[in-house]
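Trainee: I should like a close look at a single part of this model, namely its nonpolar interior. Please also explain the terms as they arise.

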Amino acid sequence: MSKLDGQVWIALYNLLLSPEARARYCLTSFAKGQLLKLRAFLTDILLDQLPNLVDLQGFLAQLALAEPQPPKKDLVFEQIPEIWERLERENKGKWKAIAKHQLRHVFSPSEQDLRLQARRWAETYRLDVLEAVAPERPRCAYCGAEASKRCSRCQNEWYCCRECQVKHWEKHGKVCVLAAQGDRAK
C-alpha cells in the first residue's frame with residue numbers, strides 16, 4: 001500500500017470514528033450507501049497493513065444494520081450563491097462582449113498567442129528550474145558524490161566531473177545511444 005492510500009484510510013477512520021465527527025455528521029440513506037461501498041475495499045491484506053481499520057470494518061457492519069436518520073423537516077437551509085450574484089451584478093449588460101472576447105482570445109488564439117503560451121509552458125517546465133527546487137541534489141552515477149554536470153546526449157545521467165563520466169561510459173554508453181535515438185524519433 002502506498003503512503004497516500006494509507007493516509008486516506010487513516011483520514012476516513014478518524015472522520016467516521018471520532019466522537020466529534022459522528023456527532024456532527026448526519027447519516028442519510030445516501031451517505032449510508034456511499035459509506036457501505038468502503039466494505040469492498042477492506043480486504044484482509046489491508047487490515048493486516050493497518051490493523052486500526054478493524055474498528056472501521058466493525059463500524060461499517062453496524063451501519064449496514066442501522067436505519068439512517070430521517071431528514072429534519074422543520075429546518076430548511078437555502079444556499080445563497082453570493083459569488084454568482086456578485087458576478088451577475090458586476091457584469092450586467094456585458095455578457096455579449098465577454099463572450100466575443102473569450103471567443104477571440106481563448107477559443108481562437110492567434111499564432112502569436114499560441115507562441116507566447118508555448119514559451120510560458122517551456123519556461124515553466126524547464127528541467128533545470130524543476131531540478132533547482134527539487135529537495136535532493138542529483139548524485140554522480142559513477143561515484144555517488146553530489147553532481148552538477150549532466151550527460152549532454154541523453155540528459156538522464158549526472159556526474160560530478162568529466163573523469164567520472166569517462167569511467168562510467170562503458171556502462172552508460174549503450175543506454176545513452178538508445179535514449180538519444182528515442183528522443184530524436186519523437
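Mentor: A nonpolar core is a set of buried Ala, Val, Leu, Ile, Met, Phe, Trp, Tyr and Cys residues joined through side-chain atoms within 4.5 Å. Buried means under 20% relative accessible area, exposed over 50%, and partly exposed in between, with a 1.4 Å probe and protein chains only. The model is predicted, so local features need pLDDT of at least 70 and side-chain atom pairs count only at pLDDT 80 or more, while totals for chains, interfaces and linings use all residues. Residues are numbered from 1 along each chain as its sequence is written, and side-chain values use heavy atoms, with hydrogens and water left out.

The largest core of this kind holds 17 residues, and those with the most contacts inside it are W9, L35, L42, L53, L56, L60 and L63. At least two residues each come from helix 1 (3–17), helix 3 (29–36), helix 4 (44–49) and helix 5 (53–65). Helices here are DSSP runs (H or I, at least four residues), numbered from the N terminus. Helix 5 gives the largest share, 5 residues. A second, separate core has 8 residues, among them C140, A147, C151 and W158.

C151 leads to the matter of disulfides, each a pair of cysteine sulfur atoms within 2.5 Å. The count by this rule is 0. C154 is buried, with a relative accessible area of 3%; its closest cysteine sulfur, in C151, is 3.7 Å from its own, too far for a bond. C161 is partly exposed at 22% relative accessible area, and its sulfur is 3.8 Å from the closest cysteine sulfur, in C164, again too far for a bond.
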